[in-house]
Amino acid sequence: MVMAGRIGSFGAARTASVVPVVAEQTIFDHGTVTFVGSNEPGTAVTLGIVFTASAAGEVRSVGFWKTTDDTANARSVAVYSAAGALLASGASTGESAGPGWQSIDLGSPVSITPLTLYVAAAHFPLGAYPAQAGVFGAPIVRGDVIGESEVGAGGAQGRWKYGALIAYPDGDGGGASYGIDVGFVAN
């Protein structure tokens with residue numbers, strides 16, 4: 001026997017929406033770029049990188065390479081204008097042991113104007129930070145985000161500032177990398 005009609009009702013038609021997850025672009029390839037060594041254990045320092053982007057977008061996080069000797073459980077990160085104005089900050093607690101890349105979300109994303117310089121920074125409260133000389137002889141370009149060269153950064157790439165609290169790093173690392181990165185998403 002064939003029956004026609006509906007048996008029961010499932011209610012009004014529903015529409016599902018999918019929100020795509022957008023991967024953050026980083027200056028360094030976290031799958032292949034590593035750092036060795038550990039510098040100045042016991043000396044608190046803020047370390048930074050000068051960056052820009054070729055497209056409008058936002059920085060959502062600051063990443064850093066954590067050495068095996070870095071036993072800090074918590075730290076602060078920040079993004080500054082090139083002139084030193086604080087644009088956003090974030091903090092972590094309960095960090096994983098190193099070595100490896102770690103990332104801290106900013107309290108609010110920073111809108112990025114193309115080809116404008118910014119400084120991303122991470123505080124190393126116990127020192128034991130990575131350093132690699134000569135990384136920024138030329139810009140590092142991955143997607144839309146750019147780690148600026150020593151020359152493009154106004155002669156001060158690989159920034160640092162000693163102190164117990166995070167602060168705008170204005171010391172010149174001479175093109176060195178201290179394993180600082182950003183998580184950028186283009187508009």
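**Buried charges and nonpolar cores in an all-strand model**

Glu-95 counts as buried, with a relative accessibility of 11%. The model in which this residue is described is a predicted one. Glu-95 takes part in two of the contacts between charged side chains described here: a salt bridge with Lys-66, in which the closest N and O atoms are 2.9 Å apart, and a salt bridge with Arg-75, in which the corresponding distance is 2.8 Å. The pair formed with Arg-75 links distant parts of the chain, since Glu-95 is in the loop between S4 and S5 and Arg-75 is in strand S3, 20 residues apart. In the pair formed with Lys-66, the partner lies in strand S2, so this salt bridge ties together parts that are 29 residues apart in sequence.

Arg-75 also meets the side chain of Asp-70 in a salt bridge, at 2.9 Å from N to O. Lys-66, Asp-70, Arg-75 and Glu-95 are thus linked in a network of salt bridges. The partners of Glu-95 are likewise buried: Lys-66 has a relative accessibility of 2%, and Arg-75 has one of 3%. Asp-70 is buried as well, with a relative accessible area of 2%. Buried here refers to a relative accessible area under 20%. In total, the structure holds 5 salt bridges.

The secondary structure consists of 11 strands and 0 helices, and the sequence of elements from the N terminus is accordingly β-β-β-β-β-β-β-β-β-β-β. The protein has 187 residues, of which 43% count as buried. Among contacts with a separation of 6 or more, 77% involve residues 24 or more positions apart. The exposed area is about 9,400 Å², and carbon and sulfur atoms supply 57% of it.

One open sheet has 3 strands in the order S5-S2-S11, with antiparallel pairing. S5 and S11 are the edge strands, each pairing on one side only. Neighbouring strands of this sheet are turned against each other by 25 degrees on average, with direction ignored. The antiparallel pairing of S2 with S5 extends over 9 bridges. Within this arrangement, Val-59 stands opposite Val-110 in S5.

In soluble globular proteins, nonpolar side chains tend to be buried together. The largest nonpolar core of the present model has 32 residues, and those with the most contacts inside it are Phe-51, Val-59, Leu-106, Ile-112, Phe-124 and Ile-180. At least two residues of this core come from each of strands S1 (45-53), S2 (57-66), S3 (75-81), S5 (100-112), S6 (118-124) and S11 (180-186). A second, separate core has 7 residues, including Val-119, Ala-121, Ala-153 and Tyr-168.

The surroundings of Phe-51 were examined with residues up to four places away in sequence not counted. On that basis, Phe-51 touches Val-59 and Ile-112, both of which are listed among the residues with the most contacts inside the largest core. Phe-51 also touches Ile-27, Val-79, Ile-146 and Val-182. A further group of its contacts consists of Thr-116, Leu-117, Tyr-118, Val-119 and Ala-120. One of these, Val-119, belongs to the second core. Glu-148 is also touched by Phe-51.

Backbone geometry departs from the common pattern at several positions. Most residues other than glycine have a negative phi, and most peptide bonds are trans. A cis peptide bond joins Gly-98 and Pro-99, with omega at about 5 degrees. Pro-99 is found in the loop between strand S4 (86-92) and S5; Glu-95 lies in that loop too.

Positive phi values occur at Glu-40 and Leu-115, neither of which is glycine. For Glu-40, phi is near 50 degrees, and the residue is found in the segment before S1. Glu-40 is partly exposed, with a relative accessible area of 33%. For Leu-115, phi is near 60 degrees, and the residue lies in the loop between S5 and S6. Leu-115 counts as exposed, at 63% relative accessibility.

Conventions
Residues numbered from 1 in each chain as written. Predicted model: local features only at pLDDT ≥ 70, side-chain atom pairs only at ≥ 80, totals over all residues. Heavy atoms only, no water. Helix = DSSP H or I, 4+ residues; strand = E, 2+ residues; numbered from the N terminus. Buried < 20%, exposed > 50% of the residue type's maximum accessible area, 1.4 Å probe, protein only. Contact = heavy atoms within 4.5 Å. Areas by Shrake-Rupley, 256 points an atom, 1.4 Å probe, with all protein chains shown as cover. Core = buried A, V, L, I, M, F, W, Y, C linked by side-chain atoms within 4.5 Å. Pairing = 2+ DSSP bridges. Axes fitted to C-alpha atoms, helices over the stretch in contact; angles between N-to-C directions. Salt bridge = Lys/Arg side-chain N within 4 Å of Asp/Glu carboxyl O.
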